[in-house]
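Trainee: I've got a new model open and would like to learn how to read it. Could we go through it together?

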Amino acid sequence: MRIMGLDYGAKTVGVAMSDEMLLTAQPLETITREREGKLRQTMARLEALMEEYQVERIVVGLPKKLSNEEGQRCEKTREFADMLERRSGLEVVFQDERLTTVAADAVLEQGGVVKEKRKKYIDKVAASLILQGYLDSIAE
């Protein structure tokens, strides 16, 4: 069994994948689209990854505000997750993603990635942090 982690954004979706033992999350890729509503190619790529890795569950980062309130981004993320669940038939769960992008940037900085190149990696690293948080929570 593998679990896929997603960091859903307005123009990108960061993708991470668990190992088969559900211990670790690895950044996989960033899917980019021209506009927020253009999801056909994004969904096709996610479905291909689900099949390739034999995914059995999907974790989507929920972008709550620091005050723990849900705003417009949460609403769009929930709509995306609903569509993903309907199309894939897999269970989709949410994981609080507050400050994961900040943490991902710090990880990349510590890894020596120069600021100009971090944007290329930040979404998939954030997805791996979201997924790792979930994996840690189910291991307890």
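Mentor: Sure, and here's a term to start with: buried means under 20% relative accessible area, exposed means over 50%, and partly exposed is in between (1.4 Å probe, protein chains only). The areas come from the Shrake-Rupley method with a 1.4 Å probe, and for residues only the protein chains shown count as cover. Keep in mind that this is a predicted model, where local features need pLDDT of at least 70 and side-chain atom pairs count only at pLDDT 80 or more, while totals for chains, interfaces and linings use all residues. Residues are numbered from 1 along each chain as its sequence is written, and side-chain values use heavy atoms, with hydrogens and water left out.

Trainee: Okay, let me try that out. Is Y8 buried or exposed?

Mentor: Check the relative accessible area of Y8, which is 6%. The cut-off for buried is under 20%. So Y8 is buried.

Trainee: How many aromatic pairs does the structure hold, and what is the angle between the planes of Y8 and F80?

Mentor: Rings of Phe, Tyr and Trp (its six-membered ring) pair if their centres lie within 6.5 Å; planes under 30 degrees apart count as stacked, over 60 as edge-to-face and the rest as tilted. The structure holds one aromatic pair. Y8 and F80 form it, stacked, with 4.1 Å centre to centre and a plane angle of 10°.

Trainee: Which parts does that pair tie together?

Mentor: Helices (H or I, at least four residues) and strands (E, at least two) are DSSP runs, numbered from the N terminus. Y8 lies in strand β1 (residues 2-8) and F80 in helix α2, so the pair ties together parts 72 residues apart in sequence. F80 is buried too, at 1%. The parts, then, are strand β1 and helix α2.

Trainee: On to charges. How many salt bridges are there?

Mentor: We look for a side-chain nitrogen of Lys or Arg within 4 Å of a carboxyl oxygen of Asp or Glu. One of these bridges joins E70 and R78, with the closest N and O atoms 2.8 Å apart. By this rule the count comes to five.

Trainee: Which helices does the salt bridge of R87 and E47 tie together?

Mentor: The side chains of R87 and E47 meet at 2.9 Å, N to O. They are 40 residues apart in sequence, so the bridge ties together distinct parts of the chain: R87's helix α2 and E47's helix α1 (residues 40-53).

Trainee: And which strands hold R57 and E91?

Mentor: Those two side chains meet in a salt bridge of 3.1 Å, N to O. The pair links distant parts of the chain, 34 residues apart: R57 in strand β4 (residues 55-62) and E91 in strand β5 (residues 91-96).

Trainee: Where is V60, and is V60 buried or exposed?

Mentor: V60 is found in strand β4. Its relative accessibility is 0%. That makes V60 buried.

Trainee: Last one: which residue other than glycine has a positive phi near 55°?

Mentor: Look at the loop between α1 and β4. The residue there is exposed, with a relative accessible area of 60%. L22 also has a positive phi, but of about 60°. The one near 55° is Q54.
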